[in-house]
Amino acid sequence: MKINKFAGFFSVLSICSASLMAQVVNAAEVEKIPFKQYVENIKVEAKEKGIDAAVVDNAFTEVEFLQRSVKSDKEQPEFKLTLDTYIPRAVPDWKIDQAREAYQKHYHLLHKIGREYGVQPRFIVALWGIETNFGRLTGRHYVISSLTTMAYEGRREALFKKQLFAALTILEEGHIEQDKFIGSWAGAMGQVQFMPTSYLNYAVDYDGDGRKDIWNSYADVFASAANYLKTEGWNYDETWGRQVLLPENFDSELAGIKKQKTLAQWQDLGVRRFDGTALPKVDLDASIVIPDDASGRVYLAYNNYKVLMHWNRSYYFATAVSYLSERINHPRITAPTK
Ligand SMILES: [Ca+2]
């Protein structure tokens with residue numbers, strides 16, 4: 001599972017009002033033990049779980065409470081975002097250009113990994129670009145500090161404690177030095193921004209140096225992303241879906257990522273390609289997703305779009321990755337000549 005690093009943007013969808021949230025936090029703060037004591041309790045618990053005592057003691061030597069994490073987690077959006085305003089921000093033209101350059105630069109590695117895991121390289125590059133601008137924005141916070149802060153802060157303590165113990169396991173296994181163990185304010189790590197539990201489930205040591213290094217090794221970064229998608233059910237022979245037009249009388253109850261029909265059934269219900277022509281005659285199940293409302297962009301989402309939503313449970317995220325993957329491919333990138 002991933003923590004949405006665009007939480008500020010996407011909390012438009014949150015049902016919790018700011019004032020309600022403030023009350024909950026204040027109530028929790030009344031009985032709170034000091035952070036230092038909380039850290040000591042966590043250390044005891046981690047050792048009881050069997051994590052090496054020296055690793056635990058070292059990991060918490062430099063731990064700090066990060067006000068920044070708490071602030072980012074509570075931030076409310078300043079205005080309501082729609083896909084029409086979000087997509088140009090998440091996928092600006094310069095990012096498309098850089099994605100194409102990155103694809104060309106790593107062409108052979110991407111294709112080798114893509115073949116092996118059954119994931120089209122353009123999707124690996126698109127995820128990489130959306131998550132961290134191709135490895136440029138991976139966060140600046142010590143992972144143990146971020147996760148301890150988020151657990152201490154209390155609103156999702158169980159979830160973040162689980163991530164914290166997973167993070168200690170990563171240190172114990174020696175994949176990264178403690179002083180390079182950095183990530184986002186919420187603890188998302190490396191060039192693909194895996195949370196620690198996702199790391200333990202999906203990260204891969206593709207270059208064979210004994211470390212799953214999603215911070216520095218392109219081979220490990222690309223293979224880890226591909227392994228995630230493959231494990232979650234990616235289909236190499238299909239794309240993500242397409243933008244479509246709905247008929248005026250479309251029943252919005254039929255929409256939603258969990259509701260599927262065949263393309264032929266959607267065709268019968270009046271769904272058309274964005275240019276108004278008939279849907280392709282292929283035997284596929286798909287869902288209609290309406291991220292904003294029926295006057296906004298509407299998509300016919302195939303299985304792979306659903307897999308992207310396992311990575312980050314947000315229509316906006318899945319749509320941004322899909323859109324970038326599409327733009328990467330036009331015009332088609334060919335193998336660099338040596
Ligand atoms: Ca490696």
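Student: In β6, what is the bridge partner of T262?

Tutor: T262 has D285 as its bridge partner in β6. This is a predicted model, where local features need pLDDT of at least 70, side-chain atom pairs count only at pLDDT 80 or more, and totals for chains, interfaces and linings use all residues. Residues are numbered from 1 along each chain as its sequence is written, and side-chain values use heavy atoms, with hydrogens and water left out.

Student: What makes β4 and β6 a pair?

Tutor: Two strands pair if DSSP finds at least two bridges between them. β4 and β6 have 2 bridges, in the antiparallel sense. The cut-off is met, so they pair. The strands themselves are DSSP runs (E, at least two residues), and helices are runs of H or I with at least four; both are numbered from the N terminus.

Student: How do you know that β7 pairs on both sides?

Tutor: Count the bridges. β3 (residues 241-245) joins β7 through 4 bridges, and β6 (residues 285-289) through 3. Both pairings are antiparallel. G241 stands opposite A301, and I288 has L300 as its partner.

Student: Why are β4 and β5 called edge strands?

Tutor: Start with the order. The open sheet runs β4-β6-β7-β3-β5, with antiparallel pairing. β4 (261-262) and β5 (272-273) each pair on one side only, so they are the edges. In general, strands of a sheet pair through backbone hydrogen bonds, either parallel or antiparallel.

Student: Which way do the side chains of β7 point?

Tutor: V298 and L300 point one way, Y299 and A301 the other. All are buried. That label means under 20% relative accessible area; exposed is over 50%, and partly exposed lies in between (1.4 Å probe, protein chains only). By that rule, 52% of the 338 residues count as buried.

Student: How do you know which atoms are donors of the calcium ion?

Tutor: By distance. Donors are N, O and S atoms within 2.8 Å of the metal, or 3.2 Å for Na, K and Ca; water is not among the atoms, so sites may look incomplete. The protein donors are D205 (OD), D207 (OD), D209 (OD), R211 (O), D220 (OD) and D220 (OD), at 2.2 to 3.1 Å. They fall inside the calcium limit, so they count. Their spacing along the chain is D-x1-D-x1-D-x1-R-x8-D. D209 is in the loop between α12 (196-202) and α13 (218-231) and D220 in helix α13, so the pair ties together parts 11 residues apart in sequence.

Student: Why is the site called irregular?

Tutor: Six donors count as octahedral if opposite donors are over 155 degrees apart and all others between 65 and 115. Four count as square planar by those angles, or as tetrahedral if all angles lie between 85 and 135; anything else is irregular. The 6 donor atoms here give angles of 45 to 162°. An angle of 45° fits neither octahedral range, so the site is irregular.

Student: Are D209 and D220 buried or exposed?

Tutor: D209 has 47% relative accessibility, so it is partly exposed. D220 has 0%, so it is buried.

Student: What makes Y38 and Y152 an edge-to-face pair?

Tutor: Rings of Phe, Tyr and Trp (its six-membered ring) pair if their centres lie within 6.5 Å; planes under 30 degrees apart are stacked, over 60 edge-to-face, the rest tilted. Y38 and Y152 have centres 5.2 Å apart and planes at 65°, so the pair is edge-to-face. Y38 is in helix α3 (residues 35-48) and Y152 in helix α10 (residues 143-153), so the contact ties together parts 114 residues apart in sequence. Both are buried.

Student: Why is the pair of F194 and W311 called tilted?

Tutor: Its centres are 5.5 Å apart, with 55° between the planes. That angle is neither under 30 nor over 60 degrees, so the pair is tilted. F194 lies in the loop between β2 (182-183) and α12, W311 in helix α15 (residues 303-311), 117 residues apart. F194 is buried at 0%, and so is W311 at 0%.

Student: How do you know that K32 sits over the ring of Y152?

Tutor: NZ of Lys or CZ of Arg must be within 6 Å of the ring centre and within 35 degrees of the ring normal. The charged end of K32 is 4.7 Å from the centre and counts as over the ring. Y152 also belongs to a cluster of ring pairs with F35, Y38 and F65.
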